[in-house]
Amino acid sequence: MKYLLFLFVLIFISCSKQDADCDLTGTWRQVISIPDQPEIFSGSMELESNGSMTMWGFTGFQYRTKENCGLFEYWQKGDKSISMEMKILRNDGLYLELEVLTGALNPLLNPIGISGNWLFKKE
């Protein structure tokens, strides 16, 4: 019986465990990379430790990470029915790379520049 209780407590702790700390808080500037040229910076994304997010000057977003820092999800505050999930391809503390669009539509939209990856550099 006490082994069953121990197993239950272990399962409860592992299921309620928070996702890993991905250290995404701060200001990130979007990097536009042109071969053989210095980095060009575009808009910024500000991520706060309370989950608030400002992207390209637009406020009112929330974010979180999922799958042990493998996914970045954001949505408009108060309406989580529509959310955007992006794979985190790279997060080394200086650069954050997010996969914007994958799946069946990627080959169709990639030639017109809609899909691909967003690269950010931490300020």
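**Aromatic pairs, a disulfide and strand contacts**

Phe 61 counts as partly exposed because its relative accessibility is 22%, a value that, like the others reported here, was computed from a predicted model. Tyr 74, by contrast, has a relative accessibility of 15% and therefore counts as buried, since the limit for that class is under 20%. These residues belong to the aromatic pairs of the structure, of which there are 6 by the rule applied. The ring centres of Phe 61 and Tyr 74 lie 5.9 Å apart, and the angle of 80° between the ring planes makes this pair edge-to-face. Because Phe 61 belongs to strand β4 and Tyr 74 to strand β5, the pair ties together parts of the chain that are 13 residues apart in sequence. A further pair is formed by Tyr 63 and Phe 72, whose ring centres are separated by 5.7 Å and whose planes meet at 20°, so that this arrangement is classed as stacked. Both Tyr 63 and Phe 72 are buried. Taken together, Phe 61, Tyr 63, Phe 72 and Tyr 74 are linked by ring pairs into a cluster. As background to such an arrangement, the side chains of a regular strand alternate between the two faces of the sheet.

Strand β5 is also paired with strand β6, which comprises residues 79-91; the strands run antiparallel and are joined by 6 bridges. Within this pairing, Trp 75 stands opposite Ser 83 of β6. The two strands form a hairpin with 2 residues between them, and Gly 78, located in the turn, has a positive phi of about 85°.

A search of the whole structure returned 1 disulfide, which joins Cys 22 to Cys 69 with an S to S distance of 1.8 Å. The rotation about the S-S bond is -100°, and the link between Cys 22 and Cys 69 is left-handed. This pair connects distant parts of the chain, 47 residues apart: Cys 22 is placed in the loop between α1 (2-16) and β1 (26-32), whereas Cys 69 is placed in the loop between β4 (58-66) and β5 (71-76). With a relative accessibility of 10%, Cys 22 falls under the 20% limit and so counts as buried.

The loop between α1 and β1 also holds Asp 23, a residue other than glycine that nevertheless has a positive phi, near 50°. Its relative accessible area of 44% makes Asp 23 partly exposed. A positive phi near 50° is likewise found for Trp 56, again a residue other than glycine. Trp 56 is situated in the loop between β3 (52-55) and β4, and a relative accessible area of 31% places Trp 56 in the partly exposed class.

Tyr 95 is part of strand β7, which covers residues 95-101, and counts as buried because its relative accessibility is 13%. Apart from its neighbours within four places in sequence, Tyr 95 is in contact with Trp 28, Val 31, Glu 39, Arg 90, Leu 119, Phe 120 and Lys 121. One of these residues, Glu 39, is joined to Tyr 95 through a polar contact of 2.5 Å between the side chains. Another, Lys 121, is separated from Tyr 95 by 26 residues in sequence, although the C-alpha to C-alpha distance between Tyr 95 and Lys 121 is 4.6 Å.

Note on methods. Residues numbered from 1 in each chain as written. Predicted model: local features only at pLDDT ≥ 70, side-chain atom pairs only at ≥ 80, totals over all residues. Heavy atoms only, no water. Disulfide = S-S within 2.5 Å. Helix = DSSP H or I, 4+ residues; strand = E, 2+ residues; numbered from the N terminus. Buried < 20%, exposed > 50% of the residue type's maximum accessible area, 1.4 Å probe, protein only. Phe/Tyr/Trp six-rings, centres within 6.5 Å; stacked < 30°, edge-to-face > 60°. Pairing = 2+ DSSP bridges. Contact = heavy atoms within 4.5 Å. Polar contact = N/O pair within 3.5 Å; in protein donor to acceptor, adjacent residues only side chain to side chain.
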